[in-house]
Amino acid sequence: MSARVRAGLATCALALAGALALWANGFGIPPLQATAAGPLPAPTAAASTPPPFVPSMAGTRPDGLPDTAGGAALKVDAELRHLFDYYLSALGEAGLPAIRAGIERELEQRLAPAAAAQAKRLLGQYLAYKRALAEPDRGTGAPASGASFAAAARNRLLAMQELRKRYFSPAEAAGLFGDTDARDQDAIARLEVVDDKTLSPAQRLQRMADLDRKLPPALQEERTAPQRILNIEQQVETARKGGAGEDELFRLRAAAFDPQAAGRLAQLDREQADWLRRIAAYRSASAGLAGNQAAIQQLRDSLFTSFEQKRLGAYE
């Protein structure tokens, strides 16, 4: 199978995954969208870290960076929705009133009073919209008899967009959902190409390439960013094996991304090195404890937080 055909098949698979995500996320609360904080520091350093909102959020940070325009008016965009969804993913570990209170506290801390009040109002509308989506009689989840998956997914998206009109102004809906709508539209368009049995394999690949060219710049960046990061990290690893120092690795990453991103990646390197150092120390010390579980647990407690200890099974 040629590389070009494999790439086409991968694109088709991505289209199917995107449409499935559209179908699943229409009901209830989306899955956790948290930013991993990397390996946690040693227990002494972790003591200064604020406790997670719920236990499953340990080692993560809230998504979303709500911003204000001119210091007062709220900028309504996907970042605000990400913040809502981060906390709402805790449903099951915390009740909705506690989650709503947690979001409101976060908004008060991040935003000026007028912007925080506007964001709280939008939070109420967002929760009402989510509840309406989950109603069994809403009729947006079941495809029509005989409809293709692409047609059913498009109808689903249109129904969601129509429902939003009850809760949001056009500007609010565009700000909160414009990014996901663009992804969903692209995924559905690709499914329609896959479903079109009149197309030859070459024509199907050409249609997919046309869709690639029509992607908005932000989506094009999302598509290419993972491979770009992988390429740079391969260069960094090669340079490290060749004896490059931390300053040289920082410059390599900063040239590809920006100094802030390079700094974050360097911090992840340090955290990973610290994690591996403690793992090596644990393995060496535990080997001499002859299976004494009490002593082994003491050793674990001295080297790792309780959260980190859950990961030790992979290293024993």
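This briefing covers the fold, confidence, nonpolar cores and aromatic contacts of one chain. The model is predicted, with a mean pLDDT of 80 over the chain. Its secondary structure comes to 13 helices and four strands. Two nonpolar cores are described below, one with 34 residues and another with eight.

**Overall make-up**

- The chain has 316 residues, of which 35% are buried.
- About 17,400 Å² of the chain is exposed, and carbon and sulfur atoms supply 59% of that area.
- Among contacts with a separation of 6 or more, 67% are between residues 24 or more positions apart.

**Confidence**

- A pLDDT of 70 or more is reached by 78% of the residues.
- Residues 1-21 have pLDDT below 50, and this stretch makes 21 contacts in the model beyond near neighbours in sequence.
- Residues 23-47 also stay under 50 in pLDDT; the model has 68 contacts for them beyond four places in sequence.
- Where pLDDT is low, the predicted coordinates should not be read in detail.

**Nonpolar cores**

- In soluble globular proteins, nonpolar side chains tend to be buried together.
- The largest nonpolar core holds 34 residues; those touching the most other members are Leu74, Leu80, Phe84, Ile103, Leu107, Tyr129 and Phe168.
- Helices H3 (78-88), H4 (96-110), H5, H6 and H7 each supply at least two residues of this core.
- H5 gives the most to this core, with eleven residues.
- Apart from this core lies another, of eight residues, including Trp275, Ile296, Leu299 and Leu303.

**Aromatic pairs around Tyr129**

- The whole structure contains ten aromatic pairs.
- One of them joins Tyr129 and Phe168 edge-to-face, with 5.8 Å from centre to centre and 75° between the planes.
- This pair links distant parts of the chain: Tyr129 belongs to helix H5 (residues 113-134), while Phe168 is in the loop between helix H6 (149-164) and helix H7 (170-195), 39 residues apart.
- Tyr129 and Phe168 are both buried.
- Ring pairs also connect Tyr129 and Phe168 into a cluster with Phe84, Tyr126, Tyr167 and Phe177.
- Leaving out residues up to four places away in sequence, Tyr129 touches Met160, Leu163, Arg164, Tyr167, Phe168 and Phe177.
- Arg164 places its charged end over the ring of Phe177, 4.1 Å from the ring centre.

**Aromatic pair at Trp275**

- The ring centres of Trp275 and Phe304 are 5.5 Å apart and the planes meet at 65°, so this pair is edge-to-face; the cut-off for that class is over 60 degrees.
- Trp275 is in helix H11 (residues 259-287) and Phe304 is in the loop between helix H12 (293-303) and helix H13 (306-309), so the pair ties together parts 29 residues apart in sequence.
- Both Trp275 and Phe304 are buried.
- The charged end of Arg311 sits over the ring of Trp275, 4.0 Å from the ring centre.

**Surroundings of Asp212**

- Asp212 is part of helix H8 (residues 201-214).
- Asp212 counts as partly exposed because its relative accessibility is 33%, and that class lies between 20% and 50%.
- Outside residues up to four places away in sequence, Asp212 touches Arg190, Gln220 and Arg223.
- Asp212 and Arg190 are 22 residues apart in sequence, and their C-alpha atoms are 9.8 Å apart in space.

Technical notes. Residues numbered from 1 in each chain as written. Heavy atoms only, no water. Phe/Tyr/Trp six-rings, centres within 6.5 Å; stacked < 30°, edge-to-face > 60°. Buried < 20%, exposed > 50% of the residue type's maximum accessible area, 1.4 Å probe, protein only. Lys NZ or Arg CZ within 6 Å of the ring centre and 35° of its normal. Contact = heavy atoms within 4.5 Å. Areas by Shrake-Rupley, 256 points an atom, 1.4 Å probe, with all protein chains shown as cover. Core = buried A, V, L, I, M, F, W, Y, C linked by side-chain atoms within 4.5 Å. pLDDT = per-residue confidence, 0-100.
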